[in-house]
Amino acid sequence: MAAVIPEGTVAWGIQLPIQSQSTLYAEAWEAAAGTGELVEIAQAADRAGAFYVAVCEHIAIPKPLDEKMSTSWYHTTTTLGFLAGVTRSVRLLSHVVVAAYHHPLELAKAFATLDALSGGRAILGIGAGHVEGEFALLGVDFAGRGRALEAALPAIRAALDDEYPALPGGAAGLDGSAGMRPRPVQPSLPVWVGGSSPAAVRRAAQLADGWLPQGTMPADLPKEVARIRRLRADAGLDPAFDIGANVFPVYVGDPGWDVGRYTITGKADEIADRLRTWTSAGVNQLQMRFRSRDTAELVDQLERFGRDVVPLVTAG
């Protein structure tokens, strides 16, 4: 296992719009958008220097949660595979797939194939899941979701690292008697664990290459980063580790419209200074969200952020 973001640098990425449309964050224009807009935005992120574009996972949203979460959630690996063909260098992240919804070998196969087809750009983001009704729809044990994730991670790692994977006792059918191709292009395909519970942080630190928190506030990050470093040191693991953060919404410049009280706005240097709230806590990966009224405005925001803000964050 190893970090994928170069030491001393700060990377950024986006959870793509359109592919998920929770009412908590989706813009009004996304409801009428489709494939063309999704491609345009992914390609703009690629040109702007984003480290990744992300697609999350929900299979079916049970009522009444559909009123808040909507039912628009594109299939994760299908969408990432499609985007691999229309982008050049941006990495392709699942943020996140739910471990209990898949056999570990199936997930390893999907992301090894994605990595091979994309020339080494896949990142497997994985978590325990949180929608109990969705687990029930799929006939999956909700109470055991954490155990399922902990069992899956070593099995996935073994299958990503070895054509004939084996685990002690042949866990998850990994007894070295079956081979899996294609192989990933990356020598060690990154696995990032999502979630902000104490158990999620522990799993990320001990069993993965990075952490994808969900809603962790900047004030809480230093203690979580310190805990991750301590857990990895205690386990004798490489201290290099990718740590992310979900940043407040951003609008580069003066929006001239109501972008909400929590949105970070202003000149490039002002935004960069605000972003250092996260990077100074030990974060080396920022998941950004940009306010916009249409595709063109979002593309413009991506370009301005990559060109004007990112160099100042890195310099700081």
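In this predicted model, Ser70 occupies the loop between α2 and α3. Although Ser70 is not a glycine, its phi is positive, at about 65°. With a relative accessible area of 14%, Ser70 is buried, because buried means under 20%. A second residue with unusual backbone geometry, Ile18, is found in the loop between β1 and α1. Ile18 is likewise not a glycine, and has a positive phi of about 70°. Its relative accessibility is 0%, so Ile18 counts as buried. Most residues other than glycine have a negative phi, and most peptide bonds are trans.

Two peptide bonds that precede a proline are cis. One runs from Lys63 to Pro64, with omega near 0°; Pro64 belongs to the loop between β2 and α2 (66–69). The other runs from Arg181 to Pro182, with omega near 10°, and Pro182 sits in the loop between α6 (145–161) and β6 (191–194). The table gathers these backbone features.

| Residue or bond | Feature | Value |
|---|---|---|
| Ile18 | positive phi | about 70° |
| Ser70 | positive phi | about 65° |
| Lys63 to Pro64 | cis peptide bond | omega near 0° |
| Arg181 to Pro182 | cis peptide bond | omega near 10° |

**Helix α3**

Helix α3 covers residues 76–84, and its buried residues are Thr76, Thr79, Leu80, Leu83 and Ala84. Why do they lie on the same side of α3? They cover an arc of only 145° around the axis, which puts them on the same side of the helix. An α-helix has 3.6 residues a turn, so residues three or four places apart point the same way. The buried residues of α3 pack against two helices and three strands: α1 (35–48), α4 (104–118), β2 (52–55), β3 (91–94) and β4 (97–98).

Thr79 offers a closer view of this helix, α3, in which it is placed. Thr79 is buried, its relative accessible area being 8%. Leaving aside residues up to four places away in sequence, Thr79 touches Leu38, Val55 and Tyr74.

**Nonpolar cores**

The largest nonpolar core has 75 residues. Within this core, the residues with the most contacts are Trp12, Ile14, Ile126, Leu275 and Met288. Helix α10 gives the most to this core, contributing seven residues. A second, separate core consists of 11 residues, including Val4, Ile5, Ala11 and Leu212.

Leu275 touches Val247, Leu286, Met288, Phe305, Val309 and Val313, when residues up to four places away in sequence are not counted. One of these partners, Val309, is found in helix α10. At 0% relative accessibility, Val309 counts as buried. With residues up to four places away in sequence again not counted, the contacts of Val309 are Val252, Ala268, Ile271, Ala272, Leu275 and Arg304. Val309 and Ala268 are 41 residues apart along the chain, yet their C-alpha atoms are separated by 4.9 Å.

**Internal space and the second largest pocket**

Rolling a probe the size of a water molecule over the atoms shows where empty space is left. How many cavities of 30 Å³ or more does the structure hold? There is one. The largest cavity contains about 60 Å³ of space. Its lining is made up of Val10, Ala11, Trp12, Leu275, Leu286, Phe305, Val310, Val313 and Thr314. Two elements give two or more residues to this lining, namely β1 (11–15) and α10 (295–315). Helix α10 gives the most, with four residues. By residue class, the lining of the largest cavity has eight nonpolar residues, one polar and no charged. Several residues named earlier recur here: Trp12 and Leu275 are in the lining and are also among the residues with the most contacts in the largest core, while Ala11 belongs to the lining and to the second core.

The second largest pocket has a volume of about 390 Å³. Its lining comprises 20 residues, of which Arg229, Pro239, Ala240, Phe241 and Asn284 are the closest to its centre. Helix α8 (221–234) and strand β8 (242–246) each supply at least two residues of this lining. Helix α8 gives the most, with three residues. The lining of the second largest pocket divides into 11 nonpolar, five polar and four charged residues.

Definitions and conventions:
Residues are numbered from 1 along each chain as its sequence is written. This is a predicted model: local features need pLDDT of at least 70, side-chain atom pairs count only at pLDDT 80 or more; totals for chains, interfaces and linings use all residues. Side-chain values use heavy atoms; hydrogens and water are left out. On a 1 Å grid over the protein atoms alone, a cavity is a set of points where a 1.4 Å probe fits but cannot get out, and a pocket is an open set with protein on both sides within 12 Å along at least five of seven lines; lining residues have an atom within 4 Å of a point. Grid points are joined across faces, edges and corners, and a volume is the space filled by probe spheres set on the points. Ala, Val, Leu, Ile, Met, Phe, Trp, Tyr, Cys and Pro count as nonpolar, Asp, Glu, Lys and Arg as charged, and the others, Gly among them, as polar. Buried means under 20% relative accessible area, exposed over 50%, partly exposed in between (1.4 Å probe, protein chains only). The arc is that of the directions from the helix axis to the C-beta atoms. Contact means heavy atoms within 4.5 Å. A nonpolar core is a set of buried Ala, Val, Leu, Ile, Met, Phe, Trp, Tyr and Cys residues joined through side-chain atoms within 4.5 Å.
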